Amino acid sequence: MGLLGVLVLLGALALGPSFGWAQPASPETQGGIPKEEMEKAWFAHREILEKGDWERSRAELEKVYQWKLDQGIRNHYSYALALIRESERAAKREIGVAASELLLYAERMAPDFSEVKRARAAWLGSHAFDSFGNAAQSVWSWFQGFFLSFANPDEAIPRLANLTFWLLLSFFLTFAAFSFSCFLRHYSFFNHHLRHLVGLRISPVPMMFLSFLLLLSPLFLDLGWMWLFALWTLAFWTYGRWTDRVVTLVLVGLLLLLPAGVRFHASLVHSLTGKGVPEILRANYGAWDEELYQKLLSMNREKPEDADVLMALGLVEKRMGKYAAAEQRFSLGARLPPKGLALHNLGNVFLATNRLEMAMEAYQEAARLDPSRPETYYNLGQANLLKLRMKEAEAEFQRAKGLEPAKISYHTGIASKNPNRLVMDRTLDPGRVWERVLVPSAESDRIARSFWELLWKGIPLDHGEMGMAALLGLLGLVHLGSRRIPVIRHCERCGTLICPLCNPLRGAGIQCLPCQNAFTANPAADLEVVRKKRGEVARYQTRVHLLPQRISWILPGMGHLMRGRSLEGIVYLFVLTLMATRFVWWEGWVPLPLSPAASRSVSGLVMAGLLFLLFYGFVQYRMECIRLQEVKSHFQRT
Ligand SMILES: [Zn+2]
Ligand SMILES: [Zn+2]
């Protein structure tokens, strides 16, 4: 550990003459390379790269990279994306060195960017044949990219908004398909029961009309769609097998999560543009500019007590060299939570304006408030170094390094006399960003309610959970109430309705009497009647077996539901709706501004197509298995 500390110190000292000055730069020089010069360097880099001279091109690119560091920017996504494209082009032109080094620069331009990791994975993958190490690293990079795409809030918010919408829509469609399959299978039982309930001898057509009126009532009452499907699952609960009941219970149980899901989705959607989230994220981690500064200023004027905006504003001002203004923001912020963050950054402003003692006091106070932040110890180390107190400086660096070694060595590597690189700024904690995203606002409530109304009009979203719990309770009551109802079923051979109420003598057997007569060895049976019955059975059996199979060709999984294999069928249906909705919204429900290439990739489409074919084939195979298992038994004598 001691050796490590010396190394850190040496690393810091190796930055050379900058520390010999023992004074940070003045605000006038703090920008480092002016923006115009940086832009010139960027164009020069591209031009020279076109000509294939990577060495000279890299020298220009290095200037751009140094400018990014001087500005205190962590992620410059547009440069990273441009560099990824350049790397792809270089690989095509077979300038291998340039291709890999351009990717390294892309990573330096935006270390938190998932696309960079993915590009690296693709590059390593194309060299996977060279060594096993490359293949393993490629896979590792891909996983890093996957992790970052949900950890980096800039990318995670639109991605999660898409993901939640995808899941909600697929759940809704699966629920709808399941209740529709209940309708198809059990409608005749319901219709028959209704006849007993009404107690009148009504002819079949008005009876059918009445039952349709009842079953479609949510549509006539202009309620949401979920009312309709929930009504069907309740109405047909009695007739289902135990597997149907398990599926119904799971689906209705999942409804309890629906209000939270809708609210979560709405707050994500709103955070894409509102609540100041994009601005705060950019000020903290991204490339800032004058326009962003003006936006933050107006947000601050609207809501002066918003500590997150205040801190973001202070950070941008400090980076712009507006130290007096930044000092004011951070002093103000030191009175609001999170105090430690404001004090730490206030220390940075003091340090940038040559008030070392005050800076150290601020850091010490910040370290007392948040003892686990490595940035504060690192900055204390730098301040000590400026005062040429080597021993104290090393102790602080050691402490910082012990907390987060990777972060500290990164900053030691890029440190210079520029105030944006000499010390570390403390940015907003990811937890606080998420808190801001998830906290409800008037606008996110409006989005959530309009979404909810489509599903459950009549139940206010605020009482969504209670409404869903009531539905679950109602299901329990239906179950208790329907226990005494005698079971109606179809004759398993010929499909005739067997109702114990209409014909108590025939009991609740699984075969009707004519079938029992026709399929038992009965010498007294009329051969003509038996022949007719057998024809009837053959026709019914063909229908029962062919229809689910045909339906399964169109809607894989639906056939399983029709054949009473509900647990298996509901899984297939859910997978199908996930695939179908994903295909319809291939580009995503909300666009992913940072990953324009990923959504349009041909290889992704081909992979998805192959996966679908695999899935489709498997479901048809399972359907065929069921047919082969069940088709034989119905012509055998009992
Ligand atoms: Zn029968
Ligand atoms: Zn009956």
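**Exercise 1. Leu388 and Asp222**

Task: Decide whether Leu388 counts as buried or exposed, and find which loop holds Leu388.

Solution: Start with the relative accessibility of Leu388, which is 57%. Exposed means over 50%, so Leu388 counts as exposed. Please keep in mind as you work that this is a predicted model. Next, find the place in the chain: Leu388 sits in the loop between helix 21 (374–386) and helix 22 (390–403). Last, look at the backbone. Leu388 is not a glycine, yet its phi is positive, at about 60°.

Now try Asp222 in the same way. Asp222 is not a glycine either, and has a positive phi of about 60°. Asp222 belongs to the loop between helix 11 and helix 12 (225–235). With a relative accessibility of 48%, Asp222 counts as partly exposed.

**Exercise 2. Salt bridges within a helix**

Task: Work out why Glu115 and Arg118 are separated by about one helical turn, and what the N to O distance in their salt bridge is.

Solution: Begin with the general idea. Side chains of opposite charge can pair when their charged atoms come close. For the side chains of Glu115 and Arg118, the N to O distance is 3.2 Å. The cut-off for a salt bridge is 4 Å, so the pair of Glu115 and Arg118 qualifies. Then look at the positions: both residues lie in helix 7 (residues 114–126), and because they are three residues apart, about one helical turn separates them. Finally, check how covered the partners are. Glu115 is buried, at 10% relative accessible area, while Arg118 is partly exposed, at 21%.

Here is another pair to practise on. Glu443 and Arg446 form a salt bridge whose closest N and O atoms are 3.0 Å apart. These two residues lie in helix 26 (residues 442–456), and because they are three residues apart, about one helical turn lies between them. Glu443 is partly exposed at 32% relative accessibility, and Arg446 is partly exposed at 46%.

Salt bridges can also share partners: Arg373, Glu375, Glu404, Lys407 and Asp429 are joined into one network in this way.

**Exercise 3. A salt bridge between separate parts**

Task: Find which parts of the chain are tied together by Arg355 and Glu327, and how many salt bridges the count comes to.

Solution: First, confirm the contact. The side chains of Arg355 and Glu327 meet in a salt bridge, with 2.7 Å from N to O. Second, place each partner. Arg355 is in the loop between helix 19 (339–352) and helix 20 (356–369), and Glu327 is in helix 18 (residues 323–333), so the pair ties together parts that are 28 residues apart in sequence. Third, note that Arg355 is partly exposed, at 26% relative accessibility. For the structure, the count comes to 34 salt bridges.

**Exercise 4. Empty space**

Task: Find what lines the largest cavity, and which element gives the largest share of the lining of the second largest pocket.

Solution: Rolling a probe the size of a water molecule over the atoms shows where empty space is left. A search of the whole structure gives four cavities of 30 Å³ or more, and the largest cavity has a volume of about 50 Å³. The lining of the largest cavity consists of Phe178, Cys182, His186, Thr233, Phe236, Trp237, Gly240, Asp244, Arg245 and Thr248. Sorted by class, this lining has four nonpolar, four polar and two charged residues. Helix 9 (153–198) and helix 13 (242–255) each supply at least two of the lining residues.

Turn next to the second largest pocket, which holds about 1,200 Å³ of space. Its lining has 39 residues, and those nearest the centre are Phe189, Arg241, His490, Tyr540 and Met562. Helix 29 gives the largest share of this lining, eight residues. By class, the pocket lining has 16 nonpolar, 13 polar and ten charged residues.

**Exercise 5. A nonpolar patch**

Task: Find which helix gives the most to the nonpolar patch.

Solution: List the members first: Leu197, Val198, Phe209, Leu210, Leu213, Leu214, Leu219, Phe220 and Trp225 make a nonpolar surface patch of about 910 Å². Helix 9, helix 10 (204–215) and helix 11 (217–220) are the elements that give two or more residues to the patch. Helix 10 gives the most, with four residues. As a last step, take one member: Val198 is in helix 9 and counts as partly exposed, at 33% relative accessibility.

Technical notes: Residues numbered from 1 in each chain as written. Chains lettered and ligands numbered in written order. Predicted model: local features only at pLDDT ≥ 70, side-chain atom pairs only at ≥ 80, totals over all residues. Heavy atoms only, no water. 1 Å grid on protein atoms, 1.4 Å probe; cavity = no way out; pocket = protein on both sides within 12 Å on 5 of 7 lines; lining within 4 Å. Points joined across faces, edges and corners; volume = space filled by probe spheres on them. Nonpolar A, V, L, I, M, F, W, Y, C, P; charged D, E, K, R; others polar. Patch = residues over 30% accessible without salt bridge, like charges linked within 9 Å, V, L, I, M, F, W, Y side chains within 5 Å. Areas by Shrake-Rupley, 256 points an atom, 1.4 Å probe, with all protein chains shown as cover. Buried < 20%, exposed > 50% of the residue type's maximum accessible area, 1.4 Å probe, protein only.
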